Structures are given as structure tokens and as C-alpha cells.
Amino acid sequence: MSANLSASFYLVSGVLFILALRGLSSPETSRQGNIFGIIGMVIAVGVTFLSVGNFSTGFIYVLIFLAAGGSIGAFIAYRIPMTAMPELVAGFHSLVGLAAVFVAISAFINPGAFNLGEPGNIKLASLIEMSIGAAVGAITFSGSVIAFLKLQGIMSGAPITFKGQHFLNALIFISIITLTYFLCSTQNSNLFWILIGISFLVGFLIIIPIGGADMPVVISMLNSYSGWAAAGIGFTLENSALIITGALVGSSGAILSYIMCKGMNRSFFNVILGGFGATEQDTLNKTKEQKPVKSGNADDAAFLMKNASSVIIVPGYGMAVAQAQHALREMVDTLKKNDIKVSYAIHPVAGRMPGHMNVLLAEANVPYDEVFELEEINNDFANADVAFVIGANDVTNPVAKTDPQSPIYGMPVLDVEKCKSVLFVKRSLSPGYAGIDNDLFYKENTLMLFADAKKMTEDITKNL
Amino acid sequence: MEIDPFIFRLSIFILSIFVGYYVVWSVTPSLHTPLMSVTNAISSVIIVGAIIAALANNDTDIFNSSSLYGYFAILLAAINIFGGFLVTQRMLAMYKKKKRKDK
């Protein structure tokens, strides 16, 4: 296959990938979009086989590795519970990063295969692109591994900070640039290995200081990095499909990071520099413990809801942890039978990744036109009878609107307190991830339901 | 003077960033999780580089070090491609509209 023809086909796959993302503008077109993505991938892989044109023994091994990876991927895709999506995505990002590193290494060892020159005499531009691809890939890999460990709970979600952290990071960044410079001038392979090693370290160092509540930003950011890594390799291989995809994924992740940061009213750098909520937690806990709290049981909650005419449900990460989405849907079904209007309010940073809550509700067969974003539904709280907060906390905290001293001041929150009554399902009075006490707990019209979210929801359903 | 092909690739890159910017802003927030999984799947198109690397050698020397990295990259990228697209498909299949006769 001629180089021009294959380049045209790569362009076609690039366009199909754009259409795949375009499809996600609405749930109706999204499935078709995903098909476009798959076709794009098939074309890209097929064209690569034809353009290499080497159907020897090696080709069989390629198919074996492809099939092995494919079966592992398919197995994971079908078995993974929807609550574990953040971990899965973090894990997948790490694989893209590592694959980028491997391709870069391979191109470095055997540049002839990619028409980049000979070992020890690689074209300057290619070498720079390769180094960028490898470095960003390595950062994505180790960063995603840490994110994965934190999300899985293998590693503590608490931010890990130490003295001189920022200084060390700055030093490493400078050394990466210096190394790339010397690598390009000397073509010394040792420098290339050191560069990759240091980049692994960077990924590790930039993710450990970031706390659990900031995971939505971290995942989006790593998503973006994986795109830039792919684009870097795309430049090296002079492949337009990779360049287009890399740019798409890179900007997609960047936009998601931006949306997540905005949802928390924090600047991107503030998140990256980390250590959020680790400082003020202790003092705040001590001062507020004495306030009276009204707590109730499933019976009280059922009574309140039965007499309501409209209920707004506010799900959060706690619902995912308790796997309460199905029980919740059953409760809502019962409410609807009693002619009670029910809608769902989703905060942009509810859960551990963008759109996390929406997927869980969709899994529980909640129709997506009953689920609303913050701006769409925030005015409705004033007219609703009951707000049912299940596993959310900081995103409902009115302190974000009233107290300029609060670390979450200015963060957009759901106006839950405007409801006639608020039901708060929570295991204890502990503060949320931001480490701030929620004033809502002590309000006159709030009823705390101390229990596991799933069990409480089931009990309420029984009492309805 | 002839224009360096690098400039053309750079143009593709920059324009794609803009395309990505506008396309992603039009993605509905409720589909942000599928967006992440599908972007993850498509970024594994890096497999094309892995295949080239793996097949760069002739029959006598299938597993030399450079092609070995290629094979591993194929494995990783294949996990991502299949896993990413299938899990996206699985998620998207769950997004349903309200059934009018829901009793």
C-alpha cells in the first residue's frame, strides 16, 4: 500500500474518531458514535497491516498479542461493576501511557523501521518528539497507577505532602528539559533511559499530594496527558490518525479538568499543588461537635416523603460506595406510584469522576430525562417538599455561599436547604472530603438518617 | 522554498485541538464518563506504532529488543481498545429515556 493511500485512510479514521466524540452530545446518537469509533480503529489497524505488508511469522505473533490483549480487555469490560468506573479509567490511562513509552523506546532502538534515521543518528525533530512522547507517556503511566491505587483504597486517599515538594518537582522538570537537550546533542541512549526513569518519578510525585476529593480533576488531567503522549508519538511516526486523536483526547481531558475545577471553584494549579483539606480538619471538628442534630429512622423518612408532592434526590459518592443506586430506583418507583414527582440533581463533582453519578443512575434504569445538572435544577429546590441527600455532602454545604473563610467558599452548591425538609442519609456526622462541617446537619428542617445508604433506602421503601 | 512536512502535521495538530475543544464542549455532562472511556479507547490508536515496531524485523529475528517492546505495546493497547470500546458500549446501552407507560 502506498504511503499516500495509507495516510488518507489514517485521516479517515481520525475523522471517524471526531464523529465518535460528536455522537456523545446526546444519548440517542452516542451509540452510533461509538460504532464510528470502532470502525475508525479497525481501519487504522487494517491499514497499518497492509502498509507494513509483512505477513510473515511475526504477523501471527502480532495477532496473538492482539487477541490476548483483546480478550483481557473484553473480559474486564464485561465484568467491571459500574461503581468501579473511576478505577477502570485510571487503569486504562496507565496502559495508554505505558504503550506510548514502549513505542517510543522501540523507535529509539530501531529508528530505521519508522524511517527516522539510524541508531545514534536519529533525526533531530524525531528525537525531540520521541522524548516528549516517552516522557509524557511515563508521567501518565505512573500518575495513573497512583490514582488507581488511591481510588481502589490500596493507597490512602489522603494527600501526601512533604517539605520541599514543589522545589523537588521544579528541579525534576528542569532536569527533564536539560536531559532532552543533551539527548538531542549527543544521541546517548543512557540519557534516554534516564529521561524515562525520571518521568516515571514525576508522575508519581505529582499525584501523591492530591487528595481523594480531587480525583475527578486528576482523572481528567491524566486523560489529557494520555492524549498528549499519543500526539507526541503521532508526530514521531508521522501518523495523522494519532496526531488527530492525541489532540482530541488531550483537549477533551483538559476541558473536563476545567469543568471539574470550576465545579469546585478552585484553580487548576491549586488542585495540582495539592494538600487540600488536610490542614483545617482537626480544629473544625472540635468546635462544632456539640450542636444538636435531629435524627430519624426509615419510618419518619417514609412519612415525610409520602406527604410530599415533589422530591429531589441528590446522590453522591456515598451512594456509589454503598451500591445503593438500585435500591434508590426502587424507592423512587414506589414514590412515583403515589403520584409524587421525583427528579435527580447532580453536582458536577459528585462522585470520583466526571459523570460518575449519571452512569450509576443509568445502570439502575433511571431515565436520563429525570436527571438534571446543577444549573438546570437549582431553582427547583425552593418549590420542592423533600430533598433526599444520599451520600453527598460538600456539594450541598450552604457554607460555600455564606462564609468567605471556608475553604469551599464560592464553590457552586445545590441549594438543598431551600427545600421544605431535607433528609440526609449518612453513616455518621463526619465531615466530607473537604474536611468541613456541613451546616445543613444542624438546620431545623433537616432530618439525619444515620445508616448505610442502601439499607436505609430499602427500609424506607418498605415503609412507604 | 519547500515547506517542511512537519508544519503540515503541526497544522493538523492545532486544528484538531480546536475541533476537540468545540466537540467536547457539546458533549452532554451526563455522558462525561463514557466520554472518558471512549477517548481512552481511541487514544490507543497508538497501536499502529506498536504494530510497525513489532513487524519491523524479518523472519530470522522475530523477537529482538525493539520488536519485543512493540509486542508488549500491542498487548497493552489491545486491552485498552477492546476494554474501552466495550465498556463504553455497555454504559451507553444503559442510558434510556423515560418509558411513557411506566407503572
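## A nonpolar surface patch and a two-chain interface

A:Tyr258, B:Ile3, B:Ile7, B:Phe8, B:Leu10, B:Ile14, B:Phe18, B:Tyr21, B:Tyr22 and B:Trp25 make up a nonpolar patch on the surface, with a combined accessible area of about 1,000 Å². Such a patch joins nonpolar side chains (Val, Leu, Ile, Met, Phe, Trp, Tyr) within 5 Å, from residues with over 30% relative accessible area and no salt bridge, and the areas come from the Shrake-Rupley method with a 1.4 Å probe, only the protein chains shown counting as cover for residues. Helix 1 of chain B supplies the largest share of the patch, 8 residues, and B:Phe8 is found in this helix; helices here are DSSP runs (H or I, at least four residues) numbered from the N terminus.

This is a predicted model, in which local features need pLDDT of at least 70 and side-chain atom pairs count only at pLDDT 80 or more, while totals for chains, interfaces and linings use all residues. Residues are numbered from 1 along each chain as its sequence is written, chains are lettered from A and ligands numbered from 1 in the order in which they are written, and side-chain values use heavy atoms, with hydrogens and water left out.

Between chain A and chain B about 8,500 Å² is buried, 77% of it on carbon and sulfur atoms, buried area being the accessible area (1.4 Å probe) that two parts lose on being put together, summed over both. The contact (heavy atoms within 4.5 Å) involves 106 residues from chain A and 80 residues from chain B. The rule for a salt bridge (a side-chain nitrogen of Lys or Arg within 4 Å of a carboxyl oxygen of Asp or Glu) finds 1 across this interface; A:Glu238 forms a salt bridge with B:Arg9, their closest N and O atoms lying 3.5 Å apart.

In helix 1 of chain A, the buried residues (under 20% relative accessible area, against over 50% for exposed and in between for partly exposed, with a 1.4 Å probe and protein chains only) include A:Tyr10, A:Phe17 and A:Ala20. Their cover includes helix 2 and helix 9 of chain A, together with helix 1, helix 2 and helix 3 of chain B.

Two residues illustrate the covering helices of chain A. A:Gln32, in helix 2, counts as partly exposed because its relative accessibility is 47%, and its C-alpha lies 7.7 Å from that of A:Ala20, 12 residues apart in sequence. A:Ser257, in helix 9, is buried, with a relative accessible area of 4%; leaving aside neighbours within four places in sequence, A:Ser257 is in contact with A:Val217, A:Ser220, A:Met221 and A:Phe268.

Key:
Helix = DSSP H or I, 4+ residues; strand = E, 2+ residues; numbered from the N terminus. Patch = residues over 30% accessible without salt bridge, like charges linked within 9 Å, V, L, I, M, F, W, Y side chains within 5 Å.
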